[in-house]
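The following note sets out numbered remarks for a colleague reading the coordinates alongside the sequence. Each point takes up one part of the structure.

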Amino acid sequence: MVGAIFGAVFVLVNAQSPLSAPVALVLRVAACLAAAGVIAMWFTTARKERSAVRGERSAVREERPGGQEERPGNMFGRGYLIVVAAEVVLLFGGLRVMAAMGAPAQANVGWVAFVVGVHFIALAPVWKDWGIAVPGVVLTLLGGAGLVLAATGSALAWVPFISGVLSGVVLLGGSLTFGWRNVRAAAL
């Protein structure tokens with residue numbers, strides 16, 4: 001769900017000139033609808049999982065004396081915190097360095113996409129889910145492309161589209177894919 005919200009923000013903030021106003025509007029509406037779809041799938045899955053966990057807990061309490069339960073691993077544990085801390089340092093530190101170097105403002109979009117992509121790649125082994133490395137690689141490449149365009153000054157106006165809008169589309173597409181996968185799994 002977080003990926004969908006950030007994906008929508010990427011699109012909402014960066015769908016601008018040189019895109020025509022109607023194209024920018026369509027992209028913004030589509031991003032909001034996609035994010036709303038992911039949120040709806042999240043609530044659907046969470047409700048089904050909560051019901052299943054309640055049923056499992058009562059079965060566990062019946063089978064085990066004292067109601068002892070096994071707890072699944074925490075995906076927001078130490079590894080996650082290290083990756084996110086590094087992401088924050090790289091994100092804000094990099095933005096400051098680029099500003100000090102006089103980089104154009106459009107380069108910021110490329111840097112944000114690059115760092116967010118690397119963060120997904122770093123989280124893949126932490127979460128033991130290599131599926132999130134795919135959008136991570138794509139975001140890293142889109143961010144890198146935006147940084148190259150910003151550094152060369154060529155097509156500077158397209159950096160927000162390439163590194164921002166397309167990164168948002170990747171995040172939304174990944175979120176919709178994972179959301180749908182979870183809804184289908186919960187239905188089985």
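1. In helix α4, the buried residues are Ala107, Val109, Gly110, Trp111, Ala113, Val115, Val116, Gly117, His119, Phe120, Leu123 and Ala124. The elements covering them include α1, α3 (78-100), α5 (133-152) and α6 (159-187). The model is a predicted one, and the remarks below should be read accordingly.

2. The length of α4 is consistent with its residue count. Helix α4 covers residues 106-127, and its 22 residues, at 1.5 Å a residue, should span 32 Å; the C-alpha atoms at its two ends lie 32 Å apart, so expectation and model agree. After α4 comes Lys128, which has a positive phi, near 55°.

3. Helix α3 can be examined in the same manner. Its 23 residues should span 33 Å at 1.5 Å a residue, and the separation of its end C-alpha atoms is 33 Å, in agreement. Val83, Glu87, Leu91, Gly94 and Met98 are the buried residues of α3, and their cover includes α4 and α5. Just after this helix, Gly102 adopts a positive phi of about 80°.

4. Which residues does Asn14 contact beyond its neighbours within four places in sequence? They are Val109, Pro160, Phe161, Gly164 and Val165. Of these, Val109 also appears among the buried residues of α4. Asn14 itself belongs to helix α1, residues 2-14. With a relative accessible area of 7%, Asn14 falls under the 20% limit and is therefore classed as buried. Its side chain also comes to 2.8 Å from the backbone oxygen of Phe10.

5. Is Val13 buried or exposed? Val13, likewise placed in α1, has a relative accessibility of 53%; this is over the 50% limit, so the residue counts as exposed. The C-alpha atoms of Val13 and Val165 are 8.2 Å apart in space, although 152 residues separate the two in sequence. Leu12, also in helix α1, has 35% relative accessibility and counts as partly exposed, because that value lies between the 20% and 50% limits.

6. Val13 and Leu12 both contribute to a nonpolar surface patch, whose other members are Met1, Ile5, Val9, Trp42 and Phe43. Together these residues present about 620 Å² of accessible area. Two elements, α1 and α2 (21-63), supply two or more residues to the patch; α1 gives the most, with 4 residues. Helix α1 thus holds the buried Asn14 as well as the exposed Val13.

7. Some totals for the protein complete the note. Its secondary structure consists of 6 helices and 0 strands, in the order α-α-α-α-α-α from the N terminus. Of its 188 residues, 32% are buried. Among contacts with a separation of 6 or more, 66% join residues 24 or more positions apart. The exposed area is about 11,200 Å², and carbon and sulfur atoms supply 69% of this.

Methods
Residues numbered from 1 in each chain as written. Predicted model: local features only at pLDDT ≥ 70, side-chain atom pairs only at ≥ 80, totals over all residues. Heavy atoms only, no water. Buried < 20%, exposed > 50% of the residue type's maximum accessible area, 1.4 Å probe, protein only. Contact = heavy atoms within 4.5 Å. Areas by Shrake-Rupley, 256 points an atom, 1.4 Å probe, with all protein chains shown as cover. Polar contact = N/O pair within 3.5 Å; in protein donor to acceptor, adjacent residues only side chain to side chain. Expected span 1.5 Å × (residues − 1). Patch = residues over 30% accessible without salt bridge, like charges linked within 9 Å, V, L, I, M, F, W, Y side chains within 5 Å. Salt bridge = Lys/Arg side-chain N within 4 Å of Asp/Glu carboxyl O.
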